Amino acid sequence: MGLVQLLSESFGYAKDAIWGRWVRWLLLLVSTIIFPFMYGYTVRVMSGTKPAPELEGWIGLFIDGIKLIVITVVYSIPLMVLTVLPFLMYLIPVSATVTPAGSGPEPLISPELAIFAALAVFIIFILAAIIIGILSTFAAVRFARTGKMREAFRVGTLIRHVGRVGWIRCFIALLVMGIVITIAQFVLALIPLAGPILVFLLMPAFIIFSARYVALLYESAPAAA
């Protein structure tokens with residue numbers, strides 16, 4: 001499935017989900033504020049339900065939303081560590097010193113080496129963010145398809161699934177999705193007075209669009225041999 005088809009089918013799915021369905025639209029708007037419900041709804045969208053499901057079984061929606069939040073947080077932990085690490089490495093020359101006899105305190109690590117190490121960690125962070133971003137996206141879809149949280153953490157299975165789709169293709173597809181949504185929201189926000197309101201009103205459409213998009217991307221993997 002090409003990028004144009006991914007965008008087209010996801011747009012059509014999101015449009016059919018809310019256009020003319022004003023009660024569902026209103027409930028989805030409320031769910032974006034009480035966000036576990038919206039997370040739970042995206043689980044149902046990513047499960048492959050077509051057309052878009054109704055908002056029912058609110059307890060189940062809330063529980064699925066909490067589970068998806070937990071999955072997202074767990075996958076973000078390595079990035080949190082990498083975010084803090086460069087600052088700690090930069091502070092080492094200042095805080096960690098030795099004092100040889102007859103001389104003043106000297107840093108254990110030179111500032112130049114610390115800056116170089118911090119830069120290396122930053123590059124690793126970018127690469128890790130891309131890899132973890134792709135894996136966490138597929139983990140969310142796998143959870144939605146199986147209904148089991150543990151399936152979201154079968155990293156080996158996820159890596160093989162991403163490999164069948166193609167790592168570069170996944171990266172490009174997710175990047176395109178992000179760019180399209182960002183541009184659309186930016187253009188809407190430029191509309192005087194009504195812009196921010198329109199962005200809020202269409203937030204359910206953007207969320208449904210992205211959930212359907214990643215579900216289709218997940219489905220595009222060739223069958224395992």
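Colleague: I have clicked on V70 to get started. Which element is V70 found in?

Modeller: V70 is found in helix α4. Please keep in mind that this is a predicted model.

Colleague: Thanks! Is V70 buried, exposed or partly exposed?

Modeller: We go by the relative accessible area, where buried means under 20% and exposed means over 50%. V70 has a value of 36%, so V70 is partly exposed. You can also look for partners far along the chain: V70 and M149 are 79 residues apart in sequence, yet their C-alpha atoms are 9.2 Å apart in space.

Colleague: Let me zoom out. How many helices and strands are there in the protein?

Modeller: The protein has nine helices and two strands. Starting from the N terminus, the order is α-α-α-α-β-β-α-α-α-α-α. Of the 225 residues, 35% are buried. Contacts between residues 24 or more positions apart make up 71% of those with a separation of 6 or more.

Colleague: How should I read a single helix, such as α2? What span should its residues have?

Modeller: A helix can be checked against a rise of 1.5 Å a residue: the 12 residues of α2 should span 16 Å, and the end C-alpha atoms of α2 are 17 Å apart, which agrees. Next, see which residues are hidden. In α2 the buried ones are R24, W25, L28, L29, S31 and T32. Viewed down the axis of α2, these buried residues fall within an arc of 160 degrees, so they line one face of the helix. The face turned away from that buried side carries the exposed residues W22, V23, L26 and I33.

Colleague: S31 is in that buried group. Which residues does S31 contact beyond its neighbours within four places in sequence?

Modeller: S31, which sits in helix α2, is in contact with F37, M38, L55 and W58. Its relative accessibility is 2%, so S31 counts as buried. Take L55 as an example of a partner from further along: S31 and L55 are 24 residues apart in sequence, and 9.7 Å apart in space from C-alpha to C-alpha.

Colleague: Now for the nonpolar core. Which residues have the most contacts inside the largest one?

Modeller: The largest nonpolar core has 55 residues, and Y41, M46, F138, I208 and L217 have the most contacts inside it. At least two residues of this core come from each of α1, α2, α3, α4, α5, α6, α7 and α9. Helix α5 gives the most, with 11 residues. Try displaying F138: beyond residues up to four places away in sequence, F138 touches L158, H161, V162, V165, C170, L217 and Y218.

Colleague: And what about empty space? How do we find where it is left?

Modeller: Rolling a probe the size of a water molecule over the atoms shows where empty space is left. Here, the largest pocket holds about 490 Å³ of space. Its lining has 17 residues, and Y39, T42, I207, S210 and A211 lie nearest its centre. The elements giving two or more residues to this lining are α3, α4, α5, α7 and α9, and α9 gives the most, with six residues.

Colleague: T42 is one of the residues nearest the centre of the largest pocket. Where is the place of T42, and which residues does T42 touch?

Modeller: T42 has its place in helix α3. Leaving out residues up to four places away in sequence, T42 touches L68, I207 and A211. T42 counts as buried because its relative accessibility is 10%, and buried means under 20%.

Terms used:
Residues are numbered from 1 along each chain as its sequence is written. This is a predicted model: local features need pLDDT of at least 70, side-chain atom pairs count only at pLDDT 80 or more; totals for chains, interfaces and linings use all residues. Side-chain values use heavy atoms; hydrogens and water are left out. A nonpolar core is a set of buried Ala, Val, Leu, Ile, Met, Phe, Trp, Tyr and Cys residues joined through side-chain atoms within 4.5 Å. Buried means under 20% relative accessible area, exposed over 50%, partly exposed in between (1.4 Å probe, protein chains only). Helices (H or I, at least four residues) and strands (E, at least two) are DSSP runs, numbered from the N terminus. Contact means heavy atoms within 4.5 Å. The expected span of a helix is 1.5 Å times one less than its number of residues. The arc is that of the directions from the helix axis to the C-beta atoms. On a 1 Å grid over the protein atoms alone, a cavity is a set of points where a 1.4 Å probe fits but cannot get out, and a pocket is an open set with protein on both sides within 12 Å along at least five of seven lines; lining residues have an atom within 4 Å of a point. Grid points are joined across faces, edges and corners, and a volume is the space filled by probe spheres set on the points.
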